[in-house]
Amino acid sequence: MRHSRRRTLHPADELGDVRDALRRLRARETELRRQLLEAPESSSGDRFEVSIRSQRRRVLPKEWWPKDILDQPVLWDTRTSKIVMVRKRGARTVASRKR
């Protein structure tokens, strides 16, 4: 049986650590994506290959909708989700992720 040398963290502390790591990973992902888009010819590594393609989707911007549609609650769907908010103790900023 393997024993972890890391002490057991409270779930709130571990969640905060995980979100910090995810923020760093998202920033790195953004930089790597930028590099690949700028030089698509270098899209193959030793273990992974990246393909780049364009995708179109239709959107109807809310600003274009007539006010009478925006003002009719029967045409809107309200959804509720639970939000877990994490902040460092003593910090004023709040980080949240919807789930």
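These exercises work through a predicted model of one protein chain.

**Exercise 1. Layout**

Task: State how many helices and strands the chain has, and in which order they run.

Solution: Start with the count. The chain holds two helices and two strands. Now read from the N terminus: the order is α-α-β-β. Then check burial. Of the 99 residues, 6% count as buried.

**Exercise 2. A salt bridge in helix H1**

Task: Find the salt-bridge partner of Arg34 and classify both residues by exposure.

Solution: Look for the closest N and O atoms. Those of Arg34 and Glu38 are 2.7 Å apart, and the two residues form a salt bridge. Next, place them. Both lie in helix H1 (residues 11–38), four residues apart, about one turn of the helix. Now use accessibility. Arg34 has a relative accessible area of 36%, so it is partly exposed. Glu38 has 58%, so it is exposed.

**Exercise 3. Lys67 and Asp71**

Task: Decide whether Lys67 and Asp71 are exposed or partly exposed.

Solution: First, the contact. Lys67 and Asp71 form a salt bridge, with their closest N and O atoms 2.8 Å apart. The cut-off for exposed is over 50%. Lys67 has a relative accessible area of 58%, so it is exposed. Asp71 is at 49%, so it counts as partly exposed.

**Exercise 4. A nonpolar patch**

Task: Name the residues of the nonpolar surface patch and locate Val74.

Solution: The patch consists of Ile69, Val74, Leu75 and Trp76. Together they have about 400 Å² of accessible area. Val74 sits in the loop between helix H2 (67–70) and strand E1 (83–86). Its relative accessibility is 73%, so Val74 counts as exposed.

Notes:
Residues numbered from 1 in each chain as written. Predicted model: local features only at pLDDT ≥ 70, side-chain atom pairs only at ≥ 80, totals over all residues. Heavy atoms only, no water. Patch = residues over 30% accessible without salt bridge, like charges linked within 9 Å, V, L, I, M, F, W, Y side chains within 5 Å. Areas by Shrake-Rupley, 256 points an atom, 1.4 Å probe, with all protein chains shown as cover. Salt bridge = Lys/Arg side-chain N within 4 Å of Asp/Glu carboxyl O. Buried < 20%, exposed > 50% of the residue type's maximum accessible area, 1.4 Å probe, protein only.
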